[in-house]
Each structure stands twice: as C-alpha cells, then as structure tokens.
Amino acid sequence: MTGVPASAAGGSSPASAARADEKTVAAPSGGSADVAASADPECAGRPPRGAKLAAAAVNQASVWNIANFLTMLRLVLVPGFVALMLADGGYDPAWRSLAWAAFAIAMITDLFDGHLARAYNLVTDFGKIADPIADKAIMGAALICLSSLGDLPWWVTIVILGRELGITLLRFLVIRYGVIPASRGGKLKTLTQGVAVGMYVLALTGWLATLRWWVMAAAVVLTVVTGLDYVRQAIVLRRQGIAERKAALEETEA
C-alpha cells in the first residue's frame, strides 16, 4: 500500500511549520514607548514628548555659567569705573586708586573668561557677542576719561579705538570666507594697552610717569602694527575664499 503524504494526512510539513513560526513573533522588549511606536508608524523616529522643550531649557541654562558671569561683571564695572574716575573732578588720588582697582578687575576677568569658556566648553552665543563688547567698553571708557581729563592726548585715544572698531568691523566683513584668529601680537597688544592705561589711571609722578609714557608708546606701536597685520590676513583670507568658491563653481559646471 502506497504511503500517504504527511500533508494530506493532516500532519505538518516543514514549510507549514516555518510559516507557523513566522506568525509567532515575540513582543518587543523596549517597553510601552516601543510598542506605541510599532503600533503607529508615524510616531516612529519622533523624539519623546517634551524632548525639544527639555533641550531648549538646557541650552538656555548653559548661558548662566562662570565665563558669562565674568563677562557681565566686566560690563557692570564700566559705569562704576567712569564714576570713580571722574569723582571729585577726576584728580583725587584716592578716587583714582579705586578706579584703577575697578579697571584691574575688569582686565583680569578678561584674561579668565575666555580661557574658562574654551577649557570647560562654556562657549555660548551670548558670550561671543558680549565678551568683545565688554572688552571695548572698559578700554574705551578708560581712554576717553583720560583724554577728557587731559592726561592722555586725544590722538592716542582715536588711534587705539579706531583700530579696535575697524578690526572688529573687518572681522564681520570677511567672516563669510573664514575667521581671523587672534595672533600673539594681538594678545601682546592687549596686555600692553592694559598695563599702559592702568598706569595712566593711577596718579603717578616722577620716573613712573615717564615710564608710563614709554609703555603707552609701545602700546600704540603694537596697536598699529597688529592692525595692519589683521588687514593683511583679511585680504589673504578673502582672496583664498573667492578662489575656492570659483574652483568649486567650475567643478560643478564641469
């Protein structure tokens, strides 16, 4: 008697067993969120509810860090410095000493806030804008006060402030081609300017008064030389950027 195939006899063939196994799928182990995502394909790939709000809160909270606090402190010191500098006619040694203390604190915070921001990843959009404003504000206030009191020639103030504002504008003009990095000469210029202005803020006499003149002269020279170097870098950066864009355009057209 011829044998009857297992499938015809009601048994389960290997193929049917495989199909049965495919239908028996284990439930996902990712919890209710995964189950909901599998039930609704449109929800798959979306961030959890409230994730964007949480991320925005984190970004906003990151503004309140030690580096930005030092920058804001420097901004607050500017009107205080001006008030101390011009108190009692602007020539009282005691008030000038207090003004020097405020200026020195501002200069010290300028050295630390940028370092802290880079070292501990505290760089924010607020810091990028507020830090250079604070730098120019305290230096500009000191120079203008000194010139208005007759302690410093106006042409020195015009040269220094004109250079600072001009280079800041130049950076914005060439930012589409790249960023002009701060050079060692620029850092030395900033340090020399701070020392020179600080010496003028103090009511110095004798050989110290002569010394501060030479320090300010060095600051003016560094101001002009580094300014010209930044202009050169900006021209080179712009030419390179234009050449790279032209080459990319020619590649695209080819």
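The following exercises, with worked solutions, concern the predicted model shown above.

Residues are numbered from 1 along each chain as its sequence is written. Local features need pLDDT of at least 70 and side-chain atom pairs count only at pLDDT 80 or more, while totals for chains, interfaces and linings use all residues; side-chain values use heavy atoms, with hydrogens and water left out.

**Exercise 1. Overall architecture**

State how many helices and strands the protein chain has, and what share of its residues is buried.

Solution. Step one: helices are DSSP runs of H or I with at least four residues, strands are runs of E with at least two, and both are numbered from the N terminus. On this basis the protein chain has nine helices and zero strands, in the order α-α-α-α-α-α-α-α-α.

Step two: buried means under 20% relative accessible area, exposed over 50%, and partly exposed in between (1.4 Å probe, protein chains only). Of the 254 residues, 30% count as buried.

Step three: a contact requires heavy atoms within 4.5 Å. Among contacts with a separation of 6 or more, 73% join residues 24 or more positions apart.

**Exercise 2. The span of helix α6**

Determine whether the end C-alpha atoms of helix α6 are at a distance that agrees or disagrees with the expected span.

Solution. Step one: the expected span is 1.5 Å times one less than the number of residues. Step two: helix α6 covers residues 125-148, which is 24 residues, so it should span 34 Å. Step three: the end C-alpha atoms lie 35 Å apart, and the two values agree. After the helix comes Gly-150, with a positive phi near 85 degrees.

**Exercise 3. Two threonines**

Establish the surroundings of Thr-71 and Thr-223.

Solution. Step one: Thr-71 lies in helix α4 (residues 66-86). Thr-71 counts as buried because its relative accessible area is 2%. Leaving aside residues up to four places away in sequence, Thr-71 touches Asp-113, Ala-130, Asp-131 and Ala-134. The C-alpha atoms of Thr-71 and Ala-134 are separated by 6.7 Å, although the two residues are 63 residues apart along the chain.

Step two: Thr-223 belongs to helix α9 (residues 207-253) and is buried, at 0% relative accessible area. With the same exclusion of residues up to four places away, its contacts are Val-159, Ile-160, Arg-163, Lys-189 and Gln-193. The side chains of Thr-223 and Gln-193 also make a polar contact at 2.8 Å. Such a contact is a pair of N or O atoms within 3.5 Å; within protein, one must be able to donate a hydrogen and the other to accept it, and residues adjacent in sequence count only if both atoms are side-chain atoms.

**Exercise 4. Aromatic pairs**

Identify which geometry each of the two aromatic pairs has.

Solution. Step one: rings of Phe, Tyr and Trp (its six-membered ring) pair if their centres lie within 6.5 Å; planes under 30 degrees apart are stacked, over 60 edge-to-face, and the rest tilted. The structure holds two such pairs.

Step two: Phe-81 and Phe-103 are 5.9 Å apart centre to centre with 45 degrees between the planes, a tilted pair. Phe-81 is in helix α4 and Phe-103 in helix α5 (residues 93-119), 22 residues apart. Phe-81 is buried at 0% relative accessibility, and Phe-103 is buried at 2%.

Step three: Trp-213 and Trp-214 form an edge-to-face pair, with 4.9 Å between centres and 85 degrees between planes. Trp-213 is partly exposed at 49%, whereas Trp-214 is exposed at 55%.
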